[in-house]
Amino acid sequence: MIKRYLFILLIFFSISASAQNVLIAYFSHCGENFGVGNIEEGNTAKVAKIIAKETGGTLFEIVPEKPYPLDSYERTCAISIEELTNKARPAILNKVPNFDQYDIIFIGYPIWWNDAPMIIYTFLEEYDFSKKTVIPFSTSASKDVKQVEYKVAQAANAEYVRNGINIIGKLAQFRTYEAEEIIHNWIYTF
């Protein structure tokens with residue numbers, strides 16, 4: 001119990017004391033999306049920006065070297081299913097500058113086919129999370145995503161993993177004020 005309490009204090013003071021050591025890394029998909037139509041900003045990007053506002057952390061968008069289609073949900077699905085089936089590791093266009101300076105890393109992604117997009121696993125394999133605190137967050141059309149959160153946490157092989165959060169895409173996209181309240185309450189329960 002004492003160890004858990006100290007961990008919660010560490011996270012809280014780390015987030016509030018120094019925004020420089022908090023990174024919000026996320027992959028998001030705009031264009032045609034399930035349940036929300038054709039969007040200019042992806043659901044996960046919206047959630048990442050709320051987290052950055054709450055924590056003062058640094059945003060980092062994980063950009064695929066080969067972009068996913070924006071005009072066809074079906075083509076994006078076909079590509080993501082193929083990547084999942086083959087356990088592909090899509091290349092990432094950009095790198096996190098000074099990754100070692102971050103102690104707390106929020107990792108965000110949409111849920112695709114009951115998993116994180118394979119580019120998230122590429123990201124997790126490119127950096128050393130062994131002395132980091134990882135906090136996953138996701139967006140989806142449903143609420144049952146704990147298995148994915150567990151897989152991402154395992155893949156990160158971090159020193160500490162905090163329970164994540166999932167925000168429904170429609171909420172992130174169309175009722176942002178509600179998403180902000182949920183995220184605020186989640187962050188300050190650490």
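## A tour from the whole fold to helix H2 and the nonpolar cores

With the whole protein displayed, the secondary structure to trace comes to 7 helices and 8 strands, and it should be kept in mind throughout that this is a predicted model. Colouring by accessibility will show that buried residues make up 50% of the 190 residues in the protein. If contacts are drawn for pairs with a separation of 6 or more, residues 24 or more positions apart account for 79% of them.

**Select Asn 43.** This residue belongs to helix H2, which covers residues 43-55. Is Asn 43 buried or exposed? With a relative accessible area of 9%, which lies under the 20% cut-off, Asn 43 counts as buried. Setting aside residues up to four places away in sequence, the neighbours that Asn 43 touches are Ser 28, Val 36, Thr 139, Gly 169, Ala 172 and Gln 173.

**Add helix H7, residues 176-187.** Looking at H2 and H7 together, one finds that their axes come within 10 Å and cross at roughly 50°. This angle falls neither under 35 degrees nor within 65 to 115, and the two helices are therefore oblique to each other; their crossing is right-handed. To see the side of H2 that takes part, select Val 47, Ile 50, Ile 51, Lys 53, Glu 54 and Thr 55, and then, on H7, the residues they meet, namely Thr 176, Ala 179, Glu 180, Ile 183, His 184, Trp 186 and Ile 187. Coloured by class, this contact of H2 with H7 has 7 nonpolar, 3 polar and 3 charged residues.

**Move to the largest nonpolar core.** Which residues have the most contacts inside this core of 30 residues? They are Ile 62, Ile 107, Ile 120, Phe 123, Leu 124 and Phe 129. The elements giving two or more residues to the core are strand S1 (22-26), strand S5 (104-110), helix H4 (118-126) and helix H5 (146-156), and the largest share, 6 residues, comes from H4.

**Centre the view on Ile 107.** Again leaving out residues up to four places away in sequence, Ile 107 touches Ala 25, Ile 120, Phe 123, Leu 124 and Phe 129, together with Val 134, Ile 135, Pro 136 and Phe 137.

**Finish at the other core.** Apart from the largest core lies another, of 22 residues, and those to select include Ala 45, Val 47, Ile 165 and Ile 167. Val 47 returns the tour to H2, where this residue is among those that meet H7.

Terms used: Residues numbered from 1 in each chain as written. Predicted model: local features only at pLDDT ≥ 70, side-chain atom pairs only at ≥ 80, totals over all residues. Heavy atoms only, no water. Helix = DSSP H or I, 4+ residues; strand = E, 2+ residues; numbered from the N terminus. Buried < 20%, exposed > 50% of the residue type's maximum accessible area, 1.4 Å probe, protein only. Contact = heavy atoms within 4.5 Å. Axes fitted to C-alpha atoms, helices over the stretch in contact; angles between N-to-C directions. Parallel < 35°, antiparallel > 145°, perpendicular 65-115°, else oblique. Left-handed = near helix turned anticlockwise from the far one by under 90°. Nonpolar A, V, L, I, M, F, W, Y, C, P; charged D, E, K, R; others polar. Core = buried A, V, L, I, M, F, W, Y, C linked by side-chain atoms within 4.5 Å.
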